[in-house]
Each structure stands twice: as structure tokens, then as C-alpha cells.
Amino acid sequence: MYAKIRGMTETQDPIGLALVNMGVVLGAIWISALTDRVHVSSVMSICSVGAASAVFLFWGLLASLPMLCLFSLLYRLTAGAFSANYTGIAQRVKDNDDAADTGTILGFLAASRGIGAVASGPLSEALLHTQQWQGQAKLGYGTSYGPLIVFTGFA
């Protein structure tokens, strides 16, 4: 939908979808390898800063198909692969408490992600209907997606 309001054609839409999927796969491999070598809190910081930068710089300033493709790839490389941190988080908890159950830790992490996914639907819908910045800001920020872009970047 966003690609359409920015003037992208229906034949260009699958390119963004392919890059989203490619970003998740590459990101999961990269984040998993990084979690094995670097403290998990550092990896989480890299993911967070990378995702926020992709949102603010490439989605917010989106003006062309190449920028949409770059955003799709970079965002999913960092934010989409965030769950690859879960094993590193579980390991750090186990390092501090031998009695901690890995399955329970992973279950809580997955549940929190699920709660966020469910809550983000109505919240995103509400932000899309605000129309607060439409026509008043530039590029992606000046569309109906402007408030959603800012919220996503900070979240």
C-alpha cells in the first residue's frame, strides 16, 4: 500500500517483498553469528540502532524505488532478525541462574513478541488515520504514514 501512494507500480511491489524476505534470512544468519561472538546486549543495540536508522533515513525520506528497496533490506536485516538474539539472551540468563529453564525463557520472549505483534495492529491503524502530517511535511513524513514512521523509528 505504501509503495502505491509513493507512485510505485504493481510490477515493482514484488521487488520490495523479495528484499524484505532476503533481509530476514541474511539478518538471522548475521545476528546469530554476531551473538556467538559479541555480548548479546551489544547485538541488541546494533539491531535497535540499525532498525531506527533505516526507518528514519530510508522510510521517512523515501522518494524512489531504490530507497524503498534499501529500506526493506536494511530494516529487515536488523529488526526482522531481532529474534535471532533470543538464544543469546537465554544463554546470558542461564549464565546468571543455572536453574533457569531455557524453554521457559524462550517461551516468554516469543510471547512478548506475540503480544507486541497483536498490539501493533490497532495502534498502527490508529496512527494511519490521524492524517496529522499529511501535506505538511516532506517525503515519507508528509504522507498518511508519517506518524507511523516516527513511532516505528522510536519503538
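## Close-ups of a predicted model

**Figure 1. Asp95 and Arg92 share helix 5.** The two residues are 3 apart in the chain, about one turn of the helix. (Helices are DSSP runs of H or I with at least four residues, strands are runs of E with at least two, and numbering starts at the N terminus.) What links Asp95 to Arg92? They form a salt bridge, with their closest N and O atoms 3.3 Å apart. (That's a side-chain nitrogen of Lys or Arg within 4 Å of a carboxyl oxygen of Asp or Glu.) Search the whole structure and you find 1 salt bridge. Asp95 counts as partly exposed because its relative accessibility is 45%, and Arg92 is partly exposed too, at 29%. (Buried is under 20% relative accessible area, exposed is over 50%, and partly exposed is in between, using a 1.4 Å probe and protein chains only.)

Keep in mind that this is a predicted model, in which local features need pLDDT of at least 70, side-chain atom pairs count only at pLDDT 80 or more, and totals for chains, interfaces and linings use all residues. Residues are numbered from 1 along each chain as its sequence is written, and side-chain values use heavy atoms, leaving out hydrogens and water.

**Figure 2. Here's Gln91, also placed in helix 5 (residues 86-96).** Is Gln91 buried or partly exposed? Gln91 counts as partly exposed, because its relative accessibility is 42%. Look across to Ile105: it's 14 residues away from Gln91 along the chain, and their C-alpha atoms are separated by 9.5 Å.

**Figure 3. Thr35 is tucked into helix 2 (residues 13-37).** Thr35 has a relative accessible area of 8%, so it counts as buried. Which residues does Thr35 touch, leaving aside those up to four places away in sequence? They are Val40, Val43, Ala84, Asn85 and Gly88. (Contact means heavy atoms within 4.5 Å.)

**Figure 4. Meet the largest nonpolar core, with 11 residues.** Its members are Ala54, Val55, Trp59, Phe71, Leu127, Leu128, Tyr141, Tyr145, Leu148, Ile149 and Val150. Helix 3, helix 6 and helix 7 (146-154) are the elements that each give two or more residues to this core. Apart from this core lies another one, made of 7 residues, including Val40, Tyr86, Ala100 and Leu109. (A core is a set of buried Ala, Val, Leu, Ile, Met, Phe, Trp, Tyr and Cys residues joined through side-chain atoms within 4.5 Å.) Zoom in on Leu128 and you'll see it touching Ser144, Tyr145 and Leu148, not counting residues up to four places away in sequence.

**Figure 5. Leu61 sits in a loop.** That loop runs between helix 3 (40-59) and helix 4 (65-78). Leu61 is partly exposed, because its relative accessible area is 35%.

**Figure 6. Zooming back out, the protein has 7 helices and 0 strands.** Read from the N terminus, the elements go α-α-α-α-α-α-α. The C-alpha trace spans about 55 × 30 × 25 Å along its principal axes. Of the 155 residues, 33% count as buried. Take the contacts between residues at least 6 apart in sequence: 64% of them join residues at least 24 apart. As for confidence, the average pLDDT (the predictor's confidence in each residue, from 0 to 100) is 84, and 92% of the residues score at least 70. Where is confidence lowest, and where is it highest? Helix 1 (residues 2-5) is the low point, with a mean of 59, and helix 6 (residues 102-128) is the high point, at 91.
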